[in-house]
Amino acid sequence: MTASQRQGWTLLLTLGLAFAMQMFTVNTLPVATQETLLAEGGFYESLSVVGYLLCIAALIWTLRGAVLRVWYLPLVLAVMAARELDLDKSLFTRGLFKARQYTGDDVPLGERLVAALILAIIICAILLMLWRHVRPFLAALFQGRAWAGAVLLGIGFTVAYKLLDGIARKLAPLGIEISADAERTAFVVEEIGELGIPVMFLAAILLWPGPAPTTAHPTNRAHRA
């Protein structure tokens, strides 16, 4: 492992520890303070939106004009920022990602068609991203590249967020009950973990070394982690 790779992994470890400390600290605060920090539109959610915007800006700065070749990456980041702001719900009758948006009788036909078009573009962007980047990502991960580790951590935060969101409700059908304290801790971890998603993606963008020096590509840069 090169010195730059070690520095990259040290950065990720530092970020991970920082988030663990935030989760622990916020979990010890009074409930009223937690509600203020973690509320919709509160401190952590606002930081998450800023984080996604910084990711988009860093991506554009890194790739310059070549960003048009990977238009789906800033689009996916923009969609994630919009979800933090609940625009997928507030701008649509039922919600952009809800089946009832497309089958409900209370949704106007025009809105249904616009929502379907937007959803189709988002799905196309995700599929294109996976098709073009999964193999290079996995190869970089097995080579110990720090930027790939950052992407993996961002994905991990995303999975944790989805699992912890409404954990008591999800476990109830299984006959599993959790205490109010455990539910509160899960809520704290989930909300702070949401901020970890754009932070890790931003770290991945900043750590990404660019194409190999032998590749004829306008985004070639000095090799990093």
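This is a short talk on the fold, the confidence, one pocket and a few single residues of the protein shown above.

Let me begin with what kind of model we have, because this one is predicted. The mean pLDDT of the protein is 88, and 93% of its residues reach 70 or more. If we go through the elements, helix H9, residues 167-171, has the lowest mean pLDDT, at 85, while H7 has the highest, at 95. I would ask you to keep residues 214-224 apart from the rest of the discussion, since pLDDT stays under 50 over that stretch, although the model does have 30 contacts there beyond four places in sequence.

Now to the fold. The protein has ten helices and zero strands, and its pattern, read along the sequence, is α-α-α-α-α-α-α-α-α-α. The C-alpha trace spans about 55 × 50 × 30 Å along its principal axes, and of the 225 residues in the protein, 36% count as buried. When we take the contacts with a separation of 6 or more, 59% of them are between residues 24 or more positions apart.

Helix H3 gives us two examples of how distance along the chain and distance in space can be set side by side. Leu 54 is found in helix H3, and its C-alpha atom is separated by 8.4 Å from that of Pro 198, although the two are 144 residues apart along the chain. Gly 51 also belongs to helix H3, and here the C-alpha atoms of Gly 51 and Arg 69, which are 18 residues apart along the chain, are separated by 23 Å. As for accessibility, Leu 54 counts as partly exposed because its relative accessible area is 46%, whereas Gly 51, at 11%, is buried.

Next, the second largest pocket, which has a volume of about 150 Å³. Which elements give two or more residues to the lining of this pocket? They are helix H4 (72-84), helix H5 (87-90) and helix H7 (109-142), and the largest share, four residues, comes from H4. The lining includes Leu 75, Val 79, Phe 92, Phe 97, Ile 118 and Ile 122, and among its other members are Arg 83 and Asp 88. By residue class, the lining divides into ten nonpolar, no polar and two charged.

Two residues in loops deserve a look at their backbone angles. Most residues other than glycine have a negative phi. Arg 64, in the loop between helix H3 (43-63) and H4, has a positive phi of about 55 degrees although it is not a glycine. Asp 86, which lies in the loop between H4 and H5, likewise is not a glycine and has a positive phi of about 60 degrees. Are these two buried or partly exposed? Arg 64 counts as partly exposed, at 49% relative accessibility, and Asp 86 is also partly exposed, at 24%.

Finally, a word on the cysteines. How many disulfides does the model contain? The count comes to zero, the rule being that a pair of cysteine sulfur atoms must lie within 2.5 Å. Looking at accessibility instead, Cys 55 is buried, with a relative accessible area of 0%, while Cys 124 counts as partly exposed because its relative accessibility is 41%, which lies between the limits of 20% and 50%.

Note on methods. Residues numbered from 1 in each chain as written. Predicted model: local features only at pLDDT ≥ 70, side-chain atom pairs only at ≥ 80, totals over all residues. Heavy atoms only, no water. 1 Å grid on protein atoms, 1.4 Å probe; cavity = no way out; pocket = protein on both sides within 12 Å on 5 of 7 lines; lining within 4 Å. Points joined across faces, edges and corners; volume = space filled by probe spheres on them. Nonpolar A, V, L, I, M, F, W, Y, C, P; charged D, E, K, R; others polar. Buried < 20%, exposed > 50% of the residue type's maximum accessible area, 1.4 Å probe, protein only. pLDDT = per-residue confidence, 0-100. Contact = heavy atoms within 4.5 Å.
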